[in-house]
Amino acid sequence: MNYEKRVIATDMPKCYAIGLFDADDVPGFVIATEKDGPIRRFRLDGTPMENVCDGPGGVMTVMQTPGRGDQLMATYQFFSPNFGADDAKIVTYTRQQDGSWKRSVLCDLPYVHRFGVLKGADGQRWLIACTIKSACRKFKDDWKTPGAVYVALLPERLEDYDENHQLELTCIAPYQLQNHGFSAVPDGPDALVGTAAGVFRYTPPARVDEAWQVDCLAVEHASDMTLVDLDGDGLDELVVISAFHGDTLSVWHRTEHEDSYQKVWEDPEKRGFLHAIWSGTLAGSPCAVLGNRRDGRDLLRLYVDDGAYQIEIIDHDHGPANVSVFSDEHGDHIISTNRETDEAALYDVTA
């Protein structure tokens, strides 16, 4: 692969979250900061647009509200799992007629880290939100109060909710230790959630009055994970980062049983603080794009060549926190929030 890098922001310290945004005016994406800083819109070519907000930051997840070209959903004031997320919430940002953005509280949810929107078999949309823990007591890396998974039916007009009228959440999975990873399954109604106990698949009910289905796909201390058919055999592989904010990358191949995955490869090199992860097709080839925030601080591509799993270094010593990929008439592009060097970058990719 060939990669042409363009730095698109250097004034967003600790840039972190990425969300593609097919807005009513122009398509693009948004980038948000982990610490104090803005959520900013960009055109697909990387040109900065307006700030959706100037702060306060603490954005672990930002995404377009499904079916809305004028609204975003985001976590709010999650500054750290250590004494920095007691006031975290999920909020919406709705673009007004004059071009400004109005923020509204959707729900209070301390320590909310990742969330997404899934569609059930009946077409009903669900919010699924994951808290990394439930409280923080007296010391760093306190995991005595595990996180949980919450869900709610998602109404059409999220901007109707505010601090005094919040979306009601239901806890469907308490005691989720180090509940960090979240990945919506491509072309499916499911989401993967990674915890210290393993990788779990959450499937919304076919009807509102039925229960969610939760299946364990792999018993592995998973920080982040994604599904992709790397070897082209028609069966997905589960790419897993272990342990919490860990240094180990592995691939688990689906067996003949739909919900069973077996480890088939582990990267012999340890890579400190693996964090960024995406999977799909890049310049015509299935792959996973990953990044780590310590040691080499690399942007990486995991792929299969001649039957073997291979790692390619795309960029070095910038420390990606998150990555995303989109395609346009000019080809494929990687967005990377290089948190450790305070830059957001766009990589144009050609085979």
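**View 1. Asp229, a buried acid without a salt bridge.** Asp229 is buried but forms no salt bridge, and the nearest side chain of opposite charge, that of Arg254, is 9.8 Å away. Buried stands for under 20% relative accessible area, exposed for over 50%, and partly exposed for what lies in between (1.4 Å probe, protein chains only). A salt bridge requires a side-chain nitrogen of Lys or Arg within 4 Å of a carboxyl oxygen of Asp or Glu. For charge, Lys and Arg count as positive and Asp and Glu as negative, while His and the chain ends are not counted. The model is predicted: local features need pLDDT of at least 70, side-chain atom pairs count only at pLDDT 80 or more, and totals for chains, interfaces and linings use all residues. Residues are numbered from 1 along each chain as its sequence is written, and side-chain values use heavy atoms, with hydrogens and water left out.

**View 2. The loop around Asp229.** Asp229 sits in the loop between β18 (224–228) and β19 (237–242). Strands are DSSP runs of E with at least two residues, helices are runs of H or I with at least four residues, and both are numbered from the N terminus. A polar atom of the Asp229 side chain is 3.0 Å from the backbone nitrogen of Gly232, and the side chain of Asp229 also reaches the backbone nitrogen of Asp233, at 3.3 Å. Polar contacts are pairs of N or O atoms within 3.5 Å; within protein, one must be able to donate a hydrogen and the other to accept it, and residues adjacent in sequence count only if both atoms are side-chain atoms. Leaving aside residues up to four places away in sequence, Asp229 touches Gly234, Leu235, Asp236, Glu237 and Pro286. Contact here means heavy atoms within 4.5 Å.

**View 3. Ser285 in strand β23.** Strand β23 covers residues 285–292 and includes Ser285. At 28% relative accessibility, Ser285 is partly exposed. Its contacts, not counting residues up to four places away in sequence, are Met1 and Gly280. From Ser285 to Gly232 the C-alpha to C-alpha distance is 9.6 Å, with their positions 53 residues apart in sequence.

**View 4. The Arg201–Asp215 salt bridge.** The closest N and O atoms of Arg201 and Asp215 are 3.1 Å apart. Arg201 belongs to strand β16 (residues 198–203) and Asp215 to strand β17 (residues 213–218), so the pair ties together parts that are 14 residues apart in sequence. Arg201 and Asp215 are both buried. The salt bridge count comes to 28.

**View 5. Salt bridges at Glu266 and Glu269.** Glu266 pairs with Lys270, with 3.6 Å between the closest N and O atoms. Glu266 is partly exposed at 35% relative accessibility, and Lys270 is partly exposed at 44%. Glu269 meets Arg271 in a salt bridge, 3.6 Å from N to O. Glu269 is partly exposed at 42%, whereas Arg271 is buried, with a relative accessible area of 7%. Elsewhere, salt bridges that share partners join Glu34, Lys35, Arg293, Arg339 and Glu340 into one network.

**View 6. Cysteines without disulfides.** A search of the whole structure finds zero disulfides, a disulfide being a pair of cysteine sulfur atoms within 2.5 Å. For Cys15, the closest cysteine sulfur is in Cys53, 15 Å away and too far for a bond. Cys15 is buried at 0% relative accessibility. For Cys136, the closest cysteine sulfur is in Cys130, at 19 Å, which is also too far for a bond. Cys136 is buried at 14% relative accessibility.
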